[in-house]
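Open the model in your viewer and keep the selection panel at hand. The tour moves from one stop to the next.

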Amino acid sequence: MNLNKFSKTPFNLCISFNKLIEHYEEVAATQTGYRAEQAKTLLKEVEPHPELRDGIDNIIQLQENSEVIKHLLSDLFPEALTENEIKAITVPFQDFLVNPTKRFQKILSDAGPEFDIGIRDFSEHQLYVLSCCLILADFYDEHFDFSKPFFYDIPTASGIIKHYRILYNADFLEIIPTEKAVKLTIEDIDLLRDNFDDLDLWMRLFPIGSWTLKGFALISLVDITVENAVSTLKGTLLGAPYNDDVYENILSVFKSIFRLSDLKIGFTNYNPDENKFGLATFNHKLKSYLLSGQKEELCTNMMCVKEFADLVDKKVYFTISDVKKYLKKEPSNILAQRFNDEGIQSFILAPVVKHDHLLGIIELVSIHQNHLNSINANRLEIVMPFITDTIERQYAYMINQVRAVIQKEYTTIHPSVYWKFQREAIKYIEFHRQDKDYTLKEVTFKDVHALYGQIDIKGSSDTRNLSVQLDLKGQLNALIPLLEKLQPYFNDALPLKWIENLRSMAADLQMPLQADTEQLIENYLDIHINPLLKKAVEQQLADAPAVNEYLLETGQTGEFHEHRKMYETTVAIINEKMTTLLDRWQTKAQISFPHYYERFKTDGVEHNLYIGQSITLNRTFDVTDLYNLRLWQIQVLCQMEYEHNRVKDTLPYPLDVTSLILAFSSPISIRFRMDEKRFDVDGTYNARFEIVKKRIDKAFIKNTTERITATGKLTIIYSNKEDEKQYRKYIHFLQSKKMLEEGIDMLDVEDLQGVSGLKALRVRISYEILSERKLYTYTEMLEQIKDSVYLAS
């Protein structure tokens, strides 16, 4: 049976003990005593077996000479260590074993007859190139550093896989060229250095069987099962949030693996949807050498087609060992130019692939030529699984952050109630892990106290209608004369009746705007007028420039939308300032006691607050917490009023605002509606709170035509005496602090559909000395008020 397990190799294998026999001949000739006598005895024993010196090329002949070989190897295989050492003789990278120690025999016996020993992740391609590297080192003194560790994975009798590192001793090997050997030039060697993957090139320069590998190698195994487990753990630890310490640790590992003190690491993110390279989002220290200071770029802009295909599509390493030399051959290569501009003279680009998806590219760079090349690039294989898992986790972490932002901006689950959603989600996950069905339950919070407040833009509907009237008037006044000029060109295609209809519409705009007026005019123009105007431009009529100018002004940024744009800008500024202030103060209020908070932008800003024991896990709710939140709400609305009053005159439309609070004394229950992805009151009785909210802002004072809300005043709606007493305390306290002016309006609210008996407290806000300041707590109010009248029940 042939010794060579692989069909393709540059070596003819020949097991020979010539070097060892020569050693014993020297001992016998130059020494005396026991060592000399032992050597003479061994030489006499091997003398009838010239094949041991000349070489054996098949396993059967080795087996036939096994006893003589064992005696010949006795110095290298001490009998005292045979139960301890894992050792045999072989040829590097082949899997036949001669004269194994007893421990080695037992390991193989425990693995079972079906087990076929083989080096882990070692292909014929690697065997061929590595064999050639041995020739280059021994015969040409060119050391291509292919020091990739080799492992055997061998099962025990109980089925546990143990991992062994393979160590070779090649002192007894000779590499001899045959007549088929190719004499290499310096250019050939340089070409090989950058072309690990080009097996045809290696086979051309090192033809099959062109060299003889004569002798034997000692193979020793080291049990690294524990180390292997540590490496796996290391990969898990790398999944922690990516900070500067993790980056430094990874860089240190790479420097050790490649034995290069000047090694640097970069990373470039890959976006398959846009076919773009971009910066890593999980660490500011991890720069991209590919992008060279840019944030993103199309892949094809910086890599030639073959390089891009290999790296992105084939997902294989790409290396340049000498950038300057490479640029001489391909001076227009953008990729090499960028690395050269950054002082990089050799580099490796390694794709980070998970589940067959490219996540990005690891960049290893050196300022020295030949330090990084296609040979030592293979060392990456021992760490890429860890790096890949790390980067995948960082992507997952980033995606979670993105989702959190989206959730915050669009479908908020407020932090105060997040714990309950999390608890439900954990149940869902646990059931699914057990392949059991689980339907997410609606999240409900019982017995919570509701607080509602709003800042409403006064007269917003009238202002919008006025804006629409002014814009449409301007548009029709410009359009009608233009159509009169065009009418002779179009004749029957532009009936005079259409122009008369537009004049009638312009006259209607002098009257109060109807709900459908804007839509009617725009539809009329779209159907009858705009097609003719476009035709006038296409036919380049004499008035085409005037027509084109008119059409430009009909756009959203044109003159005929100017007043509507002013109105929309005014509302947007007011809402943005109000929500910013409310959100900022709300963050501080959560510290006092966690509560659910939500706000809505309309023509103004509304907010709901829900507070109670069921909202929080770790705090005990007391009615004082409710009183504190009510006092906070009044002060924040005063601050919002002050801020608006400060900037009102700078707005496109100096619109006023009104402030309102609804005091609802009875606890209610709220639930998260899965269909609408929002909280709503739970139950028919609790729905009264929502009904009152929707109807009070436009309500009148009973038996008058005056609105319950008024500019410059804060209105508090309530329904029972206890609420009145409580809110009067707050008002008197804030009046003493000059946040509110003296006096309180005691009002009855008109009966609304389904709601009657509501009352209101209305008090003027003090703008003169009010500015953004510290907000008082309920406890501070109790301590500071000296007049016991205000605290009387």
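Two strands count as paired if DSSP finds at least two bridges between them. Keep that cut-off in mind at the first stop. Note also that this is a predicted model.

**Stop 1: strands S8 and S13**

Select strand S8, residues 264-271. Six bridges join S8 to S13, and the two run antiparallel. Pick Lys264 and look across to S13: Val365 stands opposite.

Now select S13 itself, residues 357-366. Is this strand enclosed or open to the outside? Nine of the ten residues of S13 are buried, so the rest of the structure largely encloses this strand.

**Stop 2: the hairpin**

Add strand S12, residues 346-354. S12 and S13 pair over nine bridges, in the antiparallel sense. Find Ile348, with Leu364 of S13 opposite. Then go to the turn. Two residues lie between the strands of this hairpin, and His355 takes a positive phi near 55°.

**Stop 3: the whole sheet**

Widen the selection to six strands. The sheet is open, with the order S10-S9-S8-S13-S12-S11 and antiparallel pairing. Which strands form the edges? They are S10 (296-298) and S11 (318-320), each pairing on one side only. On average, neighbouring strands in this sheet are turned by 25° against each other, direction ignored.

In general, the strands of a sheet pair through backbone hydrogen bonds. Go to the S10 side to inspect one such pairing. Strand S9 (residues 276-279) pairs with S10 over three bridges, in the antiparallel sense. Pick Phe277; the bridge partner in S10 is Glu297.

**Stop 4: the helix across the sheet**

Select helix H15, residues 334-341. H15 lies across S10, S11, S12 and S13. Measured against S12 as a reference direction, the helix runs at about 120°.

**Stop 5: the nonpolar cores**

Leave the sheet and show the largest nonpolar core, which has 71 residues. Those with the most contacts inside this core are Phe17, Leu73, Tyr152, Leu192, Trp202, Phe206 and Phe216. Which helix gives the most to the core? Helix H7, residues 124-139, does so with eight residues.

Centre on Phe17. Setting aside neighbours within four places in sequence, Phe17 contacts Leu52, Ile69, Leu72, Leu73, Ile89 and Phe216. Of these partners, Leu73 and Phe216 are also among the residues with the most contacts inside the core.

A second, separate core has 50 residues. Among them are Ile457, Tyr567, Val636 and Tyr767.

**Stop 6: Ser210**

Select Ser210, in the loop between helix H9 (199-205) and strand S6 (211-215). Is Ser210 buried or exposed? The relative accessibility is 0%, so Ser210 counts as buried. Show the side chain: one of its polar atoms lies 2.7 Å from the backbone oxygen of Pro207. Not counting residues up to four places away in sequence, Ser210 touches Pro10, Pro177, Thr178, Lys180 and Ala181.

**Last stop: the whole chain**

Zoom out and colour by secondary structure. The protein chain has 26 helices and 22 strands. Of the 793 residues, 47% are buried. Now turn on contacts between residues at least 6 apart in sequence: 70% of them join residues at least 24 apart. Finish with the surface. The chain exposes about 40200 Å², and carbon and sulfur atoms supply 51% of that area.

Conventions: Residues numbered from 1 in each chain as written. Predicted model: local features only at pLDDT ≥ 70, side-chain atom pairs only at ≥ 80, totals over all residues. Heavy atoms only, no water. Core = buried A, V, L, I, M, F, W, Y, C linked by side-chain atoms within 4.5 Å. Buried < 20%, exposed > 50% of the residue type's maximum accessible area, 1.4 Å probe, protein only. Helix = DSSP H or I, 4+ residues; strand = E, 2+ residues; numbered from the N terminus. Contact = heavy atoms within 4.5 Å. Axes fitted to C-alpha atoms, helices over the stretch in contact; angles between N-to-C directions. Areas by Shrake-Rupley, 256 points an atom, 1.4 Å probe, with all protein chains shown as cover. Polar contact = N/O pair within 3.5 Å; in protein donor to acceptor, adjacent residues only side chain to side chain.
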